[in-house]
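Here is a walk through one protein model for someone meeting it for the first time. Have a look at the picture, then read on.

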Amino acid sequence: MKGKKPAPPPNIVTETHRGKVRGALEDGIKVFKGIPYAASTAGLNRFHPPKPAKNWTGVRDAIAYGPMCPQLPAARASYAASWTTDKEASEDCLVLNVWTPALYDQRKRPVMVWLHGGGFSAGSGSRNVYDGTRLCQRGDVVVVTVNHRLNVFGFLYLGRLGSSEYAESGNAGMLDLIAALHWVHENIMAFGGDPANVTIFGQSGGGAKVSTLLAMPQARGLFHKAIVQSGSHLEGLTPAEATKHALAFLSAVDVKPTELQRLARLPPDKLVAGLKTVMQAPGPKPNYSPVVDGIVLPKGPWQPDAPAVSAAIPMIVGTTGTETTTLLASHAPEDFHMDEATLTRRLGAWIPEKEIPVIVAGFRRIMPSASPSGLYFAITADRRVRQQAWAQAERKAAQGGAPVWLYELDWKTPVDGGKWGSPHLLDVPLVFDNVARSASLVGTGPEPQILADQMSATWIAFARNGSPDNGAIPKWPPFSSATRATMVFDRESRVMDDFRGDERRLLASLPLVKVVR
């Protein structure tokens with residue numbers, strides 16, 4: 001009837017163990033944002049394991065993203081500029097977001113918990129590209145994204161400088177993720193999900209977090225499958241390394257090791273300023289990331305072998321074809337226009353000097369038409385990302401427990417005349433089926449959606465069944481040392497045995513790069 005007011009949106013309310021929350025309906029999916037899974041980390045809670053969130057009375061609105069952890073401003077490259085919907089930064093940042101098709105309907109949907117990228121230093125789970133609506137619509141799954149402590153707020157190791165109360169300080173940000181997974185275990189049934197079928201997945205730094213959780217005894221039983229996208233993290237910091245980085249930070253904020261109690265009284269802006277000081281100082285940069293402290297992390301996450309604690313967890317591990325066009329050249333555009341002398345000089349950061357001529361000559365035989373820049377991106381993608389993924393898959397397969405599947409995304413984005421190739425980050429909008437939000441990276445036209453149809457369906461199948469096989473791709477056998485089967489995602493995806501084996505063998509004598517995130 002003309003003039004009739006539209007019906008009000010349904011009152012979308014569900015109950016958590018801390019109180020009721022009200023969400024919103026977006027494209028038929030029920031969305032809850034900014035739900036606290038633990039207490040504020042400010043003041044006396046700094047550098048300590050997370051504490052439980054307080055209960056609340058009444059109904060709490062969960063219709064807006066919560067704060068992200070304080071961090072240094074990130075340089076926004078053009079291909080990711082439209083992805084950010086971050087709000088203010090705050091130490092009250094232990095919040096998560098949930099997308100679900102339905103509440104309380106006993107459907108036992110697979111739960112997919114996304115761990116965001118940005119290394120261990122930046123980012124949040126509240127980016128547009130991580131919106132879980134289309135995954136829910138496509139696969140009848142529940143999607144969760146998480147904010148947690150980062151950089152010095154989450155990984156400042158004070159265990160050798162202070163009393164035992166700081167013993168776990170170097171892994172506080174990982175303990176936040178454990179708390180978030182406990183929240184999922186306790187509450188996700190109220191959101192239509194199955195706490196006995198949880199998949200953790202993440203890209204870049206998120207993949208590193210997945211890699212680390214797989215080695216944490218406290219995570220046992222909280223998830224059942226794992227996907228590492230361009231983030232195979234094999235080594236943690238030693239206590240000695242982490243202590244050295246902590247001392248640099250304490251000097252920057254003018255706090256002596258004998259007066260650590262003062263850290264609780266400093267305003268967060270002072271901590272961020274101190275982080276900026278140490279990161280801008282000349283010389284090697286400090287690294288605030290997980291520490292092999294013997295408590296939270298009993299051993300290097302994947303050194304020298306796969307962690308026994310997660311032997312029963314099936315995995316997918318993979319990379320993109322030209323990871324470093326964005327990882328490196330987005331910060332140094334001149335890398336697209338190298339000459340031979342520059343190639344040799346720039347490879348010095350990745351290959352021992354005496355080996356450079358041999359490696360360059362070998363790669364030139366493999367790809368004879370490649371320019372110096374093309375060779376640089378091929379070699380550094382292998383050294384920076386792919387060798388770690390190969391090693392992780394090899395160690396997982398050698399364990400003889402649950403299977404692991406290896407992939408590479410080789411579809412090339414047409415953006416900027418195709419110069420980026422298949423860059424780091426390209427898989428994220430494809431996995432989330434959010435290509436419309438990411439035209440600055442994936443371009444327009446039918447091809448991005450073809451890839452999204454394949455990859456999102458495959459991730460959903462794995463989350464549901466523990467196997468990636470589905471009708472959108474060819475049959476995908478698990479990785480083994482004998483065949484090294486690799487799914488190559490492209491316009492027409494295919495399985496290749498020992499994909500890039502010639503490159504792998506050429507680099508096999510070099511020690512793995514210890515990646516700083």
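Which residue in E5 does Lys20 stand opposite? Lys20 stands opposite Val59. Before going further, a word on the ground rules: this is a predicted model, where local features need pLDDT of at least 70 and side-chain atom pairs count only at pLDDT 80 or more, while totals for chains, interfaces and linings use all residues. Residues are numbered from 1 along each chain as its sequence is written, and side-chain values use heavy atoms, with hydrogens and water left out.

**The sheets**

Lys20 and Val59 belong to a pairing in which strand E2 (residues 19-22) and E5 run parallel, joined by three bridges. Strands here are DSSP runs of type E with at least two residues, helices are H or I runs of at least four, and both are numbered from the N terminus. Two strands pair if DSSP finds at least two bridges between them. E2 sits in an open, mixed sheet of three strands, ordered E1-E2-E5. Its edges are strand E1 (13-16) and strand E5 (59-61), each pairing on one side only. From one strand to the next, the twist averages 35°, with axes fitted as lines to C-alpha atoms (for helices, over the stretch in contact) and angles running from 0 to 180 degrees between N-to-C directions.

There is also an open sheet of 11 strands, again mixed, in the order E3-E4-E6-E8-E7-E9-E10-E11-E12-E13-E14. Strand E3 (24-26) and strand E14 (494-497) are its edges, each paired on one side only. Neighbouring strands are turned by 25° on average, direction ignored. A few of its pairings look like this:

| Strands | Sense and bridges | Facing residues |
|---|---|---|
| E7 (109-115) and E8 (142-146) | parallel, four bridges | Val113 and Val144 |
| E7 and E9 | parallel, six bridges | Leu115 and Gly202 |
| E9 and E10 (225-229) | parallel, five bridges | Gln203 and Gln229 |

Strand E9 (residues 193-203) is mostly covered, with 10 of its 11 residues buried. Buried means under 20% relative accessible area, exposed is over 50%, and partly exposed is in between (1.4 Å probe, protein chains only).

**Two cysteines**

How many disulfides does the structure hold? Zero, counting a disulfide as a pair of cysteine sulfur atoms within 2.5 Å. The sulfur of Cys69 has its closest cysteine sulfur in Cys93, but at 4.6 Å that is too far for a bond. Both side chains are tucked away: Cys69 counts as buried at 2% relative accessibility, and Cys93 counts as buried at 0%.

**Empty space**

On a 1 Å grid over the protein atoms alone, a cavity is a set of points where a 1.4 Å probe fits but cannot get out; a pocket is an open set with protein on both sides within 12 Å along at least five of seven lines, and lining residues have an atom within 4 Å of a point. Points join across faces, edges and corners, and a volume is the space filled by probe spheres set on them.

The second largest pocket holds about 370 Å³ of space. Of its 21 lining residues, Gly321, Thr322, Gly374, Lys412 and Gly421 lie nearest the centre. Helix H10 (residues 372-399) gives the most to this lining, with five residues.

As for cavities, there are four of 30 Å³ or more, and the largest has a volume of about 90 Å³. Among the residues lining the largest cavity are Ser232, His233, Gln388 and Arg517.
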